[in-house]
Each structure stands twice: as C-alpha cells, then as structure tokens.
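Hi,

Here is the structure I said I would pass on to you. Have a look at it first, then read my notes below.

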Amino acid sequence: MADASAEPDRRLSGRRLGVTLALLGVVLLALLVPVGYLADQTYAADTRRADIEAVQTVARRVVTNFYSISYQSFDQDAQRVYADMSDKFKAQAVQQLGTTWKQTVVNNKLVSNAAVAALGVIDIQSTSAEVMVTVRRTAQSAQVKTPASSWQSAQVQLTKTGGHWKVSGMGGLQ
C-alpha cells in the first residue's frame, strides 16, 4: 500500500513542477518585454548621441577650413572645404564663389587661421541638422601686415545621406 499512496504524490509533484515551469516562463516573458523596449530606447539614444557628435565634427571642420586659408595653398585649402559638402551644395558653392574667392585670397596674399570658440546643435532630426559655429579668426594680408583677430560665426545645415553627414547649406560667412 505504501506504493499506491506514493503514486498520487508523484503525480502531484509533476503537476507542481509543470505549473512552476509555466509560471517561470510567464515571468521570464514579462521581464523580456521591458528589456527589449529599454534596449530599443538605448539604441535610439546612442544613435542620436552619435549623430550629434558627427554633425558637430563636420560643422567644426568645414567652418574651420573655410576660415583657415592661405594664398600659398589655396587649391588644397579649398578642396578641404568642399570635401564635407553634399554634391549639390558643392556645385552651388563653386558656381557662386567662382574664381573670385581664389583671386581675392591670392591677390591680397591672405593668410588666415581659425580656431573654434563655440559650437552648438540648433536642431537635429534623423536626416537633417543645423549647427552654429563661432571661430576666432586671425588673418593678415598684403594690406593688413599685422595679424588681426575677429570673431566669425556660421550657421551650417547638414543632411545625412548613406549614413554620412554632409553640409547642405551655410549662412553667415564673410
């Protein structure tokens, strides 16, 4: 009889085990849903942070390159400026500046250097951004032989294409 009475206990333990495993599965599923949501939010935050850093880097570089130019290396300096521009904006900039920019720099023997003093993201979306950059520019030329410093600011519009941020517009340049 001892065997017969032990049989129901085994069935009861097996049922308890099944119920326990089912409850553990439900609890595990309940924990995984918020973890997935948090992982998704973390990825979005990391992507946004990476985009902010990227647009600041490109805007800093293009404005610094624009204001750091020399009559002795104008062609290379101009190519550094154009390198971060979208094809459409580059074509527009080349057309607007034409040869006037080079003639002004070369004829006046301009040597100019710039360092970023401040920059900030005005707006950023998934594929567009706007950044304000202020530089301290030091320049001298055939007319101004003593280096003179000034503050220059530029508002830079950027577009993300193919995972890369490119300058699609600039304002405030002098």
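Below is what I found, going from the helices to the strands and then to one loop.

Before you start, keep in mind that this is a predicted model.

Let's begin with the helices. Helix H1 covers residues 2-67, and one residue to pick out there is Asn 65. Is Asn 65 buried or exposed? Its relative accessible area is 14%, and the cut-off for buried is under 20%, so Asn 65 counts as buried. If you skip the neighbours within four places in sequence, Asn 65 is in contact with Arg 80 and Val 81.

Val 81 comes up again when you look at how H2 meets H4. In general, a pair of packed helices is described by the angle between the axes and the distance between them. For helix H2 (residues 74-83) and helix H4 (residues 100-107), the axes come within 11 Å and cross at roughly 135°. That angle makes H2 oblique to H4. The crossing of H2 past H4 is right-handed. On the H2 side, the contact is made by Phe 74, Asp 75, Ala 78, Val 81 and Tyr 82; on the H4 side, by Trp 101, Lys 102 and Val 105.

Now for the strands. Try following S3 (residues 128-140) into S4 (residues 148-161): these two run antiparallel, and twelve bridges join them. If you want one pair to find on screen, Ser 128 has Thr 159 of S4 as its bridge partner. S4 is also joined to S5 (residues 164-171), again antiparallel, through seven bridges. Here you can look for Lys 160, whose bridge partner in S5 is Trp 165. How many residues sit between the strands in the hairpin of S4 and S5? There are two, and in this hairpin Gly 162 takes a positive phi near 60°.

Last, the loop between S3 and S4, which is where Lys 145 lies. With a relative accessible area of 62%, and with exposed meaning over 50%, Lys 145 is exposed. What does the side chain of Lys 145 reach? It goes to the backbone oxygen of Ala 142, at 2.9 Å. Lys 145 also makes a nice example of sequence against space: Leu 110 is 35 residues apart from Lys 145 in sequence, yet the two are 9.7 Å apart from C-alpha to C-alpha.

Have fun turning it around on screen!

Cheers

Definitions and conventions: Residues are numbered from 1 along each chain as its sequence is written. This is a predicted model: local features need pLDDT of at least 70, side-chain atom pairs count only at pLDDT 80 or more; totals for chains, interfaces and linings use all residues. Side-chain values use heavy atoms; hydrogens and water are left out. Two strands pair if DSSP finds at least two bridges between them. Helices (H or I, at least four residues) and strands (E, at least two) are DSSP runs, numbered from the N terminus. Buried means under 20% relative accessible area, exposed over 50%, partly exposed in between (1.4 Å probe, protein chains only). A polar contact is a pair of N or O atoms within 3.5 Å; within protein, one must be able to donate a hydrogen and the other to accept it, and residues adjacent in sequence count only if both atoms are side-chain atoms. Axes are lines fitted to C-alpha atoms, for helices over the stretch in contact, and angles run from 0 to 180 degrees between N-to-C directions. Angles under 35 degrees count as roughly parallel, over 145 as roughly antiparallel, 65 to 115 as roughly perpendicular and the rest as oblique. A crossing is left-handed if the near helix is turned anticlockwise from the far one by less than a right angle, and right-handed if clockwise. Contact means heavy atoms within 4.5 Å.
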